[in-house]
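Here is a briefing on one chain. Look over the sequence and the structure first, then read the points by topic.

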Amino acid sequence: MTTPRGAIKWREPVLPVLANHPGPLFAVQGLQLLAKAAFLAARSLAQREVVMAACVTGASARPGGPCEDVLRGVFEMVAVDAQGRPAAIDACYLTTETYP
């Protein structure tokens with residue numbers, strides 16, 4: 001089974017160094033993980049370099065949630081050319097998910 005272009009499947013262990021003393025992930029570390037996932041998915045879809053234009057929603061942890069649904073975020077990514085200017089891409093992805 002292959003992953004469609006513009007989508008990634010990625011799991012990252014939360015090591016003790018990334019968590020505070022009670023155990024939950026530090027918010028900054030969670031946002032960094034979300035940004036990395038957004039970059040990888042956007043680059044896969046665009047098939048070229050991308051930059052983050054905006055973080056619409058940030059790391060919102062759901063403590064006690066299932067492993068695959070702990071962090072969520074919405075990012076706006078822009079494909080860029082060799083000079084760093086916005087560039088058109090052949091594909092588009094628009095999520096229809098809603099976030100509370």
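**Briefing: fold, helix and surface**

In this chain, 56% of the contacts with a separation of 6 or more are between residues 24 or more positions apart. The model is predicted. Its secondary structure comes to 1 helix and 2 strands, and the order along the sequence is α-β-β.

**Overall**

- The chain has 100 residues, and 17% of them count as buried.
- Its accessible surface comes to about 7,600 Å². Carbon and sulfur atoms hold 58% of that area.
- A search of the whole structure turns up 1 salt bridge.

**Helix α1**

- Helix α1 covers residues 27-46.
- Does its length agree or disagree with what is expected? At 1.5 Å a residue, the 20 residues of α1 should span 28 Å. The end C-alpha atoms are 28 Å apart, which agrees.
- Which residues of α1 are buried? They are G30, L33, L34, A37, A38, A41, A42, L45 and A46.
- An α-helix has 3.6 residues a turn, so residues three or four places apart point the same way.
- L31 also sits in helix α1. L31 counts as partly exposed because its relative accessibility is 34%, between the 20% and 50% cut-offs.
- L40 is another residue of α1. Its relative accessible area is 38%, so L40 is partly exposed.

**After the helix**

- Q47 follows α1 and has a positive phi, near 60°.
- That positive value occurs in a residue other than glycine.
- Q47 is placed in the loop between α1 and β1, and β1 spans 50-57.
- Is Q47 buried or exposed? Q47 is exposed, because its relative accessible area of 54% is over the 50% cut-off.

**Salt bridge**

- Which side chains meet in a salt bridge? Those of R43 and E49 do, at 2.7 Å from N to O.
- R43 is partly exposed, with a relative accessible area of 40%.
- E49 is partly exposed as well, with a relative accessible area of 39%.

**Nonpolar patch**

- I8, W10 and L40 make a nonpolar surface patch of about 230 Å².
- L40 brings helix α1 into this patch.
- L40 can belong to a patch because its relative accessible area of 38% is over the 30% cut-off.

**Links across the sequence**

- How many residues apart along the chain are L31 and G73? They are 42 residues apart, and their C-alpha atoms are separated by 8.1 Å.
- G73 also pairs with A37 in this list: the two are 36 residues apart along the chain, with C-alpha atoms separated by 9.8 Å.
- L31 is in helix α1, while G73 is in the loop between β1 and β2.
- G73 counts as partly exposed, because its relative accessibility of 22% lies between the 20% and 50% cut-offs.
- L40 and V50 are 10 residues apart along the chain, and their C-alpha atoms are separated by 9.1 Å.
- P86 and V50 are 36 residues apart along the chain, and their C-alpha atoms are separated by 8.8 Å.

**The segment after β2**

- Where does P86 lie? P86 is in the segment after β2, and β2 covers 74-79.
- P86 is exposed, because its relative accessible area of 66% is over the 50% cut-off.
- Which residues does P86 touch? Leaving out residues up to four places away in sequence, P86 touches V78, A79 and V80.

Methods
Residues numbered from 1 in each chain as written. Predicted model: local features only at pLDDT ≥ 70, side-chain atom pairs only at ≥ 80, totals over all residues. Heavy atoms only, no water. Helix = DSSP H or I, 4+ residues; strand = E, 2+ residues; numbered from the N terminus. Buried < 20%, exposed > 50% of the residue type's maximum accessible area, 1.4 Å probe, protein only. Contact = heavy atoms within 4.5 Å. Areas by Shrake-Rupley, 256 points an atom, 1.4 Å probe, with all protein chains shown as cover. Patch = residues over 30% accessible without salt bridge, like charges linked within 9 Å, V, L, I, M, F, W, Y side chains within 5 Å. Salt bridge = Lys/Arg side-chain N within 4 Å of Asp/Glu carboxyl O. Expected span 1.5 Å × (residues − 1).
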